[in-house]
There are 2 protein chains.
Amino acid sequence: MSEIENKKPQERLQERFAYVTEILQRLQALDDEQGFRRDEASEQGQLLAGLRERLTALHSADIAYILEGLPLEERLTLWQLVQAESDGDILLEVSDAVRETLLADMDEEEILAAARELDADELAELAAELPQDVVLELMESLDALQRERVRSALSYEEDQVGAIMDFEMVTVREDVALEVVLRYLRRLKELPDQMDKLFVIDHAGILKGVLPIKRLLVNDPEKKVAEVMATDPVVFHPDEEGIDAAEAFERYNLVSAPVVEKNGKLIGRLTIDEMVDLIREETEGEVLSRAGLREEEDIFASVWKSIANRWAWLAVNLVTAFVASRVIGMFEGSIEKLVALAALMPIVAGIGGNSGNQTITMIVRAMALEQVSTGNTNRLLKKELGVAFINGIIWGGVIGVVAWLLYDYFALGMVMIGAMTLNLLLAALMGVLIPMTMVRLGRDPALGSSVMITAMTDSGGFFIFLGLATLFLL
Amino acid sequence: MSEIENKKPQERLQERFAYVTEILQRLQALDDEQGFRRDEASEQGQLLAGLRERLTALHSADIAYILEGLPLEERLTLWQLVQAESDGDILLEVSDAVRETLLADMDEEEILAAARELDADELAELAAELPQDVVLELMESLDALQRERVRSALSYEEDQVGAIMDFEMVTVREDVALEVVLRYLRRLKELPDQMDKLFVIDHAGILKGVLPIKRLLVNDPEKKVAEVMATDPVVFHPDEEGIDAAEAFERYNLVSAPVVEKNGKLIGRLTIDEMVDLIREETEGEVLSRAGLREEEDIFASVWKSIANRWAWLAVNLVTAFVASRVIGMFEGSIEKLVALAALMPIVAGIGGNSGNQTITMIVRAMALEQVSTGNTNRLLKKELGVAFINGIIWGGVIGVVAWLLYDYFALGMVMIGAMTLNLLLAALMGVLIPMTMVRLGRDPALGSSVMITAMTDSGGFFIFLGLATLFLL
């Protein structure tokens, strides 16, 4: 018996990536030197043959990973080398931005061939990005049941359970013996992935319970399914948000779970691998959207694509910066009289922005976990205002003393303390109220939270500081 | 046969939360009215009895969720009502910050009782937060094998595979028939959770392969394990980073996987539920650390605790803001001559900060996915500089025209365009170089990235704009 491959998966993957990049670079170098040759006898041809062979042995997720890490030109060279029958799986694994570049490189025939290898739920996932006539041709090539399933999946939003569920369910009746179930499974020859339970349904297809494989294995084969099954399974509805389902999978440590209609009829199955992808996407989407990036940009996107992706946020920022600038403009007279104000005002605005971002990040996160309700708004607000007040006195005090010493002007230091404290209080107030208002308006509280709070603390900070200075110093 | 409970899990959970909060609030109101009474005959006593009964039926993850959403006082009231035998499970489910508050409320006896219900790997997870003498007493109460396992788990870093793995493995030999395996499982009466494969080992405990339950179920029972098992399983090492393992689980859609020593000896098992927690923690930690929050703060933390949690970041920000302020201070003479500079300078700094944050967020993310290597730094840098240049011309042009019209000063508008473009180029350069340098220094590129890039674009923006203005306008 040979030894198993005893290496860390991360290292193995990095080795594969390094190997592919190296071959592609050597090919490029040879092409530059000797011209573009692809016949078998040439050095290039042999390198290609070796690479192709190596690719056949790789998991489609590994190929997807490598494709994502390559610049466009090399990515497409590699894509041409991949076996046609893995195309479909790989397209499902890569990110949206990379998928777009791969699809753009395929002709209609190739897309159809790749899609034919896929299940109904996978087809539905790809359908949105395929050309209309390819989708139509594909639908015609399916049998009635498959076509119905694709249609059903397409009728839900991309992130609803109905669009995410698969149809690979194994169902049994409650009045049969476990022995019969075991024989039935053996006849199936192949079982679905991630199947940790069978679904128990009646003659009308209504879910009556679930039979965990664990229980099937340890119980007396003479026993009936009904005696052994669990009758309080966690079930999902097709119109539920996928991310809610993912949180339930996380909470109850599920591997698979049934999806039922309102009347209790079993229509599909959710599995943990899809849920993990959702969790990853959700949290990453949050990181990116705070910075004004959409999810679709990949690091090798063209300059123009990147500009298109990022312009909206920059434009919003330009408007808020312009407003802040006009606030300062109102006090130009004061600044002319006391130019130290110009140097000190960014400190007040900056600390307010930083503190407000801390508050809003925490509130948005607590909202995502549904731990913030209108019932505890007051309590939260009181706490955040308390933190802001104390921070204002402490940090405002520090910077106030520094300003006093620097400009040898005591009253200026006092104005700094006052302005810092007031701006931190404003930051805390807005840090709680902005996300609360967003949710009440039915919007995602994370999106734009950072820009909005910064706009408030910039304009507010300039106004408070310059206003106080004009009142008390001039 | 009764119907299964056909409701969305999220709704069921919210109902439970609402129910518990309502009872706790009614109790509080009664205590305020009638004084603190807990005897069975009192209204309070009856409410408590009802609540306690309801809690017994709840999943420990649900109770953990409810505890996390309650303010401290109500949280502890509820914690007292929870059945002692669920204490251990619930302590494992709650967040670190909440766990601390619960442990602080328990005496030594209660902690020992709770810990006795746990497995070795779970004990090790809690041990760091328990009082030293409780841990010692616990260790003494364990049998030799369990004690060895707890010790082994404790010898690894919190986020290494060796600390995360469990020991609930079912192992078989390769020369037995599947029939024998099936009979063996039936004798076990209870199988571990998340068990989708058995581990095949030789007499020395060396892993020879894995036997997926799927294959066990569909193959002829006469066949030997060796004929059916997979000999190229994904395996992990105890010193590997947990998050690397989690990414491999994600990539290869694993449910469980063996952990082996360097010599190939099987020592433990990883399961998808732990991996999901790691993915969640990692991405959330990223969101929070960007804003300068540690993971441990919960929304009901006291004012002082919150201040302690957030002060370091604010202090860093204060220093960078002070530096920016001194940069402006260098140009006070110029501002006195042309006060419009004071009003316009935050625009240059602000847009630079926003754009730099977009770049750095994308680079950090690509680094987390290990798609950025030193090999493609130049290419990335060229692209980001291209985006910055074009954005500088476009947005600088817009704001330059506005400044020209507003102040009726053409050269001022030109200086705006130049300063915007240069500051955006600086932002792009730093957005690529800062995370690259952090990684080369062996540090987490996400931590502090936002503060550092903003510090660069603030000070840099002020310097560039005021410097250009001094050169060309005065």
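# A two-chain model at a glance

Over residues 385-407 of chain A, the chain is 100% helix and 0% strand, with its end C-alpha atoms 30 Å apart. That stretch belongs to a predicted model, so please read everything below as computed from a prediction. Chain A has a partner, chain B, and the two bury about 13000 Å² between them. The points below start with the annotated stretches, then turn to the pairing of the chains and end with some individual residues.

**Stretches named in the UniProt record**

- The unreviewed UniProt entry lists "transmembrane region" for residues 311-331, 343-364, 385-407, 413-434 and 446-473 of chain A.
- One of these spans, residues 446-473 of chain A, is 89% helix and 0% strand, and its end C-alpha atoms lie 40 Å apart.
- The unreviewed entry in UniProt also gives "domain: CBS" for residues 229-285 of chain A.
- In the model, residues 229-285 of chain A are 44% helix and 19% strand, and the C-alpha atoms at the two ends are 39 Å apart.

**How the two chains are related**

- A turn of 180° with a shift of 0.1 Å along the axis lays chain B on chain A, with an RMSD of 0.1 Å.
- That is the relation of a two-fold axis.
- Both copies use the same surface, as 99% of the contact residues of chain B recur in chain A.

**What the contact is made of**

- Chain B brings 148 residues to the contact and chain A brings 147.
- Of the area buried between the chains, 62% is on carbon and sulfur atoms.
- Between chain B and chain A there are 24 residue pairs in polar contact, counting pairs with both residues at pLDDT 80 or more.
- On the side of chain B that touches chain A, helix 19 (residues 340-368) of chain B gives the most, with 18 residues.
- Sorted by class, that side of chain B holds 73 nonpolar, 31 polar and 44 charged residues.

**Salt bridges**

- Searching the whole structure turns up 31 salt bridges over all chains, and the count between chain B and chain A is 12.
- One pairing to look for is Lys8(A) with Asp239(B), whose side chains meet in a salt bridge at 3.5 Å, N to O.
- Another salt bridge joins the side chains of Arg280(A) and Glu247(B), at 3.9 Å from N to O.
- This second pair crosses between chains, running from helix 16 (residues 272-290) of chain A, which holds Arg280(A), to helix 15 (residues 242-252) of chain B, which holds Glu247(B).

**A closer look at helix 15 of chain B**

- Ile243(B) is also found in helix 15 of chain B.
- Setting aside its neighbours within four places in sequence, Ile243(B) is in contact with Leu278(B), Ile279(B) and Glu282(B).
- Ile243(B) and Leu278(B) are 35 residues apart in sequence, while their C-alpha atoms are 6.3 Å apart in space.

Terms used:
Residues numbered from 1 in each chain as written. Chains lettered and ligands numbered in written order. Predicted model: local features only at pLDDT ≥ 70, side-chain atom pairs only at ≥ 80, totals over all residues. Heavy atoms only, no water. Least-squares fit on C-alpha atoms with pLDDT ≥ 70 in both. Contact = heavy atoms within 4.5 Å. Buried area = accessible area lost by both parts, 1.4 Å probe. Salt bridge = Lys/Arg side-chain N within 4 Å of Asp/Glu carboxyl O. Polar contact = N/O pair within 3.5 Å; in protein donor to acceptor, adjacent residues only side chain to side chain. Helix = DSSP H or I, 4+ residues; strand = E, 2+ residues; numbered from the N terminus. Nonpolar A, V, L, I, M, F, W, Y, C, P; charged D, E, K, R; others polar. UniProt positions renumbered as here; feature names shortened; annotations may be inferred.
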